[in-house]
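Reader: I've got a model open and I'd like to learn how to read its features properly. Could you walk me through it?

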Amino acid sequence: MAEKETILVIDNESDQLEMMKEILGRIGFDAKTTDNPQQALEMVEKQAFSLIFIDLIMSEIDGTDLCEQIKQVRPGVCVYAFSGHAHLYSPERLERAGFDGAIGKPATMEEIKAVLSRAMDTQI
């Protein structure tokens, strides 16, 4: 990777944002984070991201709704649900919303690397 690819992480838990920023940085990615869904939409409008992780349960908006809104702005972006509650959502519901996959919390570095490898179709 000549230039670092940028990944967006949207989560209402600051500790999760910090953990993901740290892990993604160690792997070699630039991570942008926000706990504000409206700010996330503004960020997506201004910048193309290689991958977006979205928490499913946030106080302001359901992650599936946010995914649908992001896909309207950037239809081709890869989006993963990032939640400890993914079991509450059927795979069909996640797929309808536009998610490309899901990863549970807490995620290990190896699990995150596996998602990145699949999403970017390259070995991380």
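**Reading the model**

Author: Let's start with strand β1 (residues 6-10), which is where Thr6 sits. Before going on, note that this is a predicted model, where local features need pLDDT of at least 70, side-chain atom pairs count only at pLDDT 80 or more, and totals for chains, interfaces and linings use all residues. Residues are numbered from 1 along each chain as its sequence is written, and side-chain values use heavy atoms, with hydrogens and water left out.

Reader: Where do the names of strands and helices come from?

Author: They are DSSP runs numbered from the N terminus: helices are H or I with at least four residues, strands are E with at least two.

Reader: Is Thr6 buried or exposed?

Author: The general idea is a cut-off on relative accessible area: buried is under 20%, exposed is over 50%, and partly exposed is in between (1.4 Å probe, protein chains only). Thr6 has a relative accessible area of 11%, so Thr6 is buried. For something in another class, try Ala86, in the loop between β4 and α4 (91-97). Ala86 comes out at 21% relative accessibility, so Ala86 is partly exposed.

Reader: And which residues is Thr6 in contact with, neighbours within four places in sequence left aside?

Author: Contact means heavy atoms within 4.5 Å. With those neighbours left aside, the partners of Thr6 are Asp30, Lys32, Gln47, Phe49, Ser50 and Leu51. Phe49 also turns up for Val44, along with Leu8, Ile52, Ile70, Val73 and Arg74. Val44 belongs to helix α2 (residues 37-46) and is buried at a relative accessible area of 1%.

Reader: Now the rings. How many aromatic pairs are there?

Author: Rings of Phe, Tyr and Trp (its six-membered ring) pair if their centres lie within 6.5 Å; planes under 30 degrees apart count as stacked, over 60 as edge-to-face, and the rest as tilted. That rule gives two aromatic pairs here. In one of them, the ring centres of Phe53 and Tyr80 are 6.4 Å apart with planes at 55°, so this pair is tilted. Phe53 is in strand β3 (residues 51-54) and Tyr80 in strand β4 (residues 79-83), so the pair ties together parts 27 residues apart in sequence. Phe53 and Tyr80 are both buried.

Reader: What about Phe53 and Phe82: what are their centre distance and plane angle?

Author: Their centres are 5.9 Å apart and their planes meet at 65°, so the pair is edge-to-face. Here too distant parts of the chain are linked, with Phe53 in strand β3 and Phe82 in strand β4, 29 residues apart. Phe82 is buried at a relative accessible area of 0%, and Phe53 has a relative accessible area of 0% as well. Put the three rings together and Phe53, Tyr80 and Phe82 make one aromatic cluster.

Reader: Which residue does the side chain of Asp55 make a polar contact with?

Author: A polar contact is a pair of N or O atoms within 3.5 Å; within protein, one must be able to donate a hydrogen and the other to accept it, and residues adjacent in sequence count only if both atoms are side-chain atoms. The Asp55 side chain makes one with the side chain of Lys105, at 3.4 Å. Asp55 lies in the loop between β3 and α3 (63-73) and is buried, at 2% relative accessibility. Lys105 is worth a second look: a cis peptide bond joins Lys105 and Pro106, with omega about -10°. Pro106 is in the loop between β5 (101-104) and α5.

Reader: Last one: how do I read helix packing?

Author: Two packed helices are described by the angle between their axes and the distance between the axes. The axes are lines fitted to C-alpha atoms, for helices over the stretch in contact, and angles run from 0 to 180 degrees between N-to-C directions. Helix α1 (residues 14-27) packs against helix α5 (residues 109-120) at about 65°, their axes 11 Å apart. The contact involves Met20, Ile23, Leu24, Arg26 and Ile27 of α1, and Met109, Ile112, Lys113 and Leu116 of α5.

Reader: What is Met20 in contact with, neighbours within four places in sequence aside?

Author: With those set aside, Met20 is in contact with Val9, Phe53, Phe82 and Ile112. Met20 is buried, with a relative accessible area of 0%.
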